[in-house]
Amino acid sequence: MPGWELEEGLGRFLWLSKSMENGSSVAYFSEMKLPAHSGTHVDAPSHVFQRYFEAGFDVDTLDLDALNGTLHILNPP
């Protein structure tokens, strides 16, 4: 995911740095470059809209029960 307001963009963000084919590793090893402010946020509306921030949609007032629930582990056949 591109970083917020990066004019130059990410450039090359995913590459294979080590490969079994060239003998540099016993496995394939990929690297990914992402800015620290990438991904999702649980308080995303308050990042964009002032009215959401003022209404209390922020991490400090978030009820953590909304993020917790029953875990189901599925084992594929």
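Where in the protein does Lys33 lie? The legends below take up this question and others, using a predicted model.

**Figure 1. The whole chain has two helices and two strands.** Welcome to the overview! Reading along the sequence, you meet the elements in the pattern β-β-α-α. The protein has 77 residues, and 8% of them count as buried. Its accessible surface comes to about 7100 Å², and carbon and sulfur atoms account for 58% of that area. Try following the contacts between residues at least 6 apart in sequence: 17% of them join residues at least 24 apart.

**Figure 2. Lys33 sits in the loop between strand 2 and helix 1.** Here is the reply to the opening question: look between strand 2 and helix 1, which covers residues 44–48, and you will find Lys33 in the loop. Is Lys33 buried, exposed or partly exposed? Lys33 counts as partly exposed because its relative accessibility is 40%, a value between the cut-offs of 20% and 50%. Now find Leu14, which is 19 residues from Lys33 along the chain. The C-alpha atoms of Lys33 and Leu14 are separated by 6.5 Å.

**Figure 3. Ser19 is a buried residue in the loop between the two strands.** Strand 1 spans residues 14–18, and Ser19 is found in the loop between strand 1 and strand 2. Ser19 counts as buried because its relative accessible area is 7%, under the 20% cut-off. Which residues does Ser19 touch, once its neighbours within four places in sequence are left aside? The contacts are Ser24, Ser25, Ala27 and Tyr28.

**Figure 4. Tyr28 lies in the loop between strand 1 and strand 2.** With a relative accessible area of 43%, Tyr28 is partly exposed. Leaving aside neighbours within four places in sequence, Tyr28 is in contact with Leu16, Lys18, Ser19, Met20 and Glu21. Pick out Leu16 among these partners: Tyr28 and Leu16 are twelve residues apart in sequence, and their C-alpha atoms are 7.2 Å apart in space.

**Figure 5. Lys18 lies over the face of the Phe29 ring.** Look for the ring of Phe29 and then for Lys18, which is placed at 5.9 Å from the ring centre. What about rings that pair with other rings? How many aromatic pairs does a search of the whole structure find? The search finds zero.

**Figure 6. Four residues form a nonpolar patch on the surface.** The members are Phe13, Leu14, Met32 and Leu34, and together they have about 400 Å² of accessible area. Take a closer look at Met32, which is found in strand 2, residues 29–32. Why does Met32 count as exposed? Met32 is exposed because its relative accessible area is 54%, over the 50% cut-off.

Methods:
Residues numbered from 1 in each chain as written. Predicted model: local features only at pLDDT ≥ 70, side-chain atom pairs only at ≥ 80, totals over all residues. Heavy atoms only, no water. Phe/Tyr/Trp six-rings, centres within 6.5 Å; stacked < 30°, edge-to-face > 60°. Lys NZ or Arg CZ within 6 Å of the ring centre and 35° of its normal. Patch = residues over 30% accessible without salt bridge, like charges linked within 9 Å, V, L, I, M, F, W, Y side chains within 5 Å. Areas by Shrake-Rupley, 256 points an atom, 1.4 Å probe, with all protein chains shown as cover. Salt bridge = Lys/Arg side-chain N within 4 Å of Asp/Glu carboxyl O. Helix = DSSP H or I, 4+ residues; strand = E, 2+ residues; numbered from the N terminus. Buried < 20%, exposed > 50% of the residue type's maximum accessible area, 1.4 Å probe, protein only. Contact = heavy atoms within 4.5 Å.
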